[in-house]
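Me: I'd like a close look at one part of this model, strand by strand, and then a stroll through whatever else is worth pointing out. Could you keep it chatty but precise?

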Amino acid sequence: MAKQVLGVPVKQNQIIELDIHGMSHEGEGVGKYEGFTVFVAGALTGERVRVKIMKVHKSFAVSRLLEVVAPSDVRMDPPCPIYHQCGGCHLQHVSYEAQLVHKRQIVVDALERIGKLSHVLVHPTLGMKEPWKYRNKSQVPVSLVNGHVVAGFYAPRTHEIIDMEGCPIQHPYADDILKTVKQAIAELGVVPYDEIGHKGLIRHIVSRIGFFTGETMVVLVTNGRYLPKKDRLIERLRREIPHLVSIVQNINTAKTNVIFGQESITLWGKDTITDYIGDIQFEISPRSFFQVNPVQTRVLYEKALEYAQLTGVEEVIDAYCGIGTISLFLAKKARHVYGVEVIPEAIEDAKKNAERNGISNVDFIVGKAEEVIPFLNKDKGVSADVVVVDPPRKGCDEALLQTIATMRPERVVYVSCNPSTLARDLRYLEDHGYQTLEVQPVDMFPQTYHVEAVVSIVRND
Ligand code: SAH
């Protein structure tokens, strides 16, 4: 029976027409029906659409798009044939220019709504000239369906694999790798993993490609150590994948959604691939974190460097430093940089990266930024001139913001992948002696709803 929520003008399965007046941060169209909010995935601002109500909540309903009655000028035919089934992209039906406008608006809205910051300069989003084929890493689950090897991304909110030939946002080498590995394991009879029965062997096909070097790594994530037909598989991949420099087996026998297990074995070639951001070289191992869009990473870091306004005498703290990418980028223009990161392996990589590039004015420290930085400040006498933060989606821990407010660096540069937590943290800094000067959104993930932004913040004196 259709579910009815009291006092709400729509009910489940009802078909209605409505106008879309905005878009959510996940790229869904948002409209009102008799004053009640309705979300419509795939609908765009300015469109009139016919939808079927799927789920009714107290203050909003979720619907399915049936027909675009009056389309927007920025609506596009998505180039990917499986766009509507696959959960990887969200905005292929929107022109790229409109995607950039939308992403800026998400930042503006969050700053106003959450940060109560309505007069901050938010620049137009810096986009890519060619917003396709940008990803340097692909991690594709594999399965056996009706006797066929299928590999592709999951449909949204499911574990149903949508078999794919290729992916237009990934480096083209990744498509060749997927095709070759799929064919090879099918023909050699190596069995893909069955998630429900926790049986079978090949769980994920991972490709990592050095965008500027072309060096290519294939990682086969397996549910067990023994890899049948190993030599034939290696030989075939070597023959058919042109820029291959490394084949790795990663063993993951756990019942988990986490892709990688702890142990990696190099089956052939090198243990790592090399790539660059600007003129800094990085070695990337199968599991290490590296920004997935190296072209835009450079744009992002150049902006962070500009906002840091370094002259060569500054002491800088790079909180949430990962493998030290931003720290090394800044080190050339600063007196000293301290990078702080919670994952020990990332700090090991950061130290090696510093050495490899001959950069000696950096120190990398393992620990939580909110614990290490107060210690650096009180016990080691470090009082940074500039603090750079690049936290995960949940934003900065309040203890870290408190430390910044006490340490009083002249400038803070905030690199954010989540406008909501960014706005919350900027509010805190505004209330504790800082002013947000300008915000630069950068499109690191074209065709998806993800928004990245760099913010210039200065101390009030
Ligand atoms: N600046 C890096 C990584 C940013 S991703 C780059 O651009 O490549 C955010 C990083 O913060 C991750 O590496 C994550 O491991 C780390 N992290 C998460 N919580 C943390 C905390 N409390 N203290 C320090 N680092 C943390």
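In strand 19, which residue is the bridge partner of valine 388?

Reply: It's valine 413 that serves as the bridge partner of valine 388 in strand 19. Before going on, a word on the ground rules: this is a predicted model, where local features need pLDDT of at least 70, side-chain atom pairs count only at pLDDT 80 or more, and totals for chains, interfaces and linings use all residues. Residues are numbered from 1 along each chain as its sequence is written, and side-chain values use heavy atoms, with hydrogens and water left out.

Back to that strand. Valine 388 belongs to strand 18, residues 386-389 (strands are DSSP runs of E with at least two residues, helices are runs of H or I with at least four, and both are numbered from the N terminus). Val386 and Val388 point one way, Val387 and Val389 point the other way, and all are buried, which means under 20% relative accessible area; exposed is over 50% and partly exposed lies in between, using a 1.4 Å probe and protein chains only. That fits the general pattern: in a regular strand the side chains alternate between the two faces of the sheet.

Strand 18 pairs with strand 19, residues 411-416, through four bridges, and the two run parallel (a pair needs at least two DSSP bridges between the strands). Strand 15, residues 315-319, also pairs with strand 18 in the parallel sense, again over four bridges. There, aspartate 318 is the residue standing opposite valine 388. So valine 388 has aspartate 318 as its opposite number in strand 15 and valine 413 as its partner in strand 19.

Now follow the chain onward from strand 18. Together with helix 8, residues 398-407, and strand 19, strand 18 makes a right-handed β-α-β unit; right-handed means that, with the strands pointing away from the viewer, the path from the first strand over the helix to the second runs clockwise. Between helix 8 and strand 19 there is a loop, and arginine 408 lies in it. Phi of arginine 408 is near 55°, a positive value in a residue other than glycine. With a relative accessible area of 35%, arginine 408 is partly exposed. Lysine 116 shows a positive phi too, near 50°. Lysine 116 is found in the loop between helix 1 (96-113) and strand 6 (121-122), and it counts as exposed because its relative accessibility is 58%.

Elsewhere, six strands form an open sheet in the order 8-7-9-10-11-12, with mixed pairing. Strand 8 (148-151) and strand 12 (263-269) stand at the edges with a single partner strand each, so one side of each lacks a neighbour in the sheet. From one strand to the next the twist averages 25° (axes are lines fitted to C-alpha atoms, for helices over the stretch in contact, and angles run from 0 to 180 degrees between N-to-C directions). Inside this sheet, strand 9 and strand 10 (residues 216-222) run antiparallel and are joined by seven bridges. Isoleucine 209 stands opposite threonine 216 of strand 10.

Strand 9 turns up again once you look for empty space. The whole structure has three cavities of 30 Å³ or more. A cavity here is a set of points on a 1 Å grid over the protein atoms alone where a 1.4 Å probe fits but cannot get out, and lining residues have an atom within 4 Å of a point; points are joined across faces, edges and corners, and the volume is the space filled by probe spheres set on them.

The second largest cavity holds about 40 Å³, and its lining includes Ser138, Met164, Asp175 and Ser207. Strand 7 (137-145), helix 2 (172-188) and strand 9 (202-209) are the elements that give two or more residues to that lining, and helix 2 has the largest share, with three. By type the lining divides into five nonpolar, three polar and one charged (Ala, Val, Leu, Ile, Met, Phe, Trp, Tyr, Cys and Pro count as nonpolar, Asp, Glu, Lys and Arg as charged, and the others, Gly among them, as polar).

The largest cavity has a volume of about 50 Å³. Among its lining residues are His25, Arg393, Cys417 and Tyr449, and the lining divides into five nonpolar, two polar and one charged.

Key: 1 Å grid on protein atoms, 1.4 Å probe; cavity = no way out; pocket = protein on both sides within 12 Å on 5 of 7 lines; lining within 4 Å.
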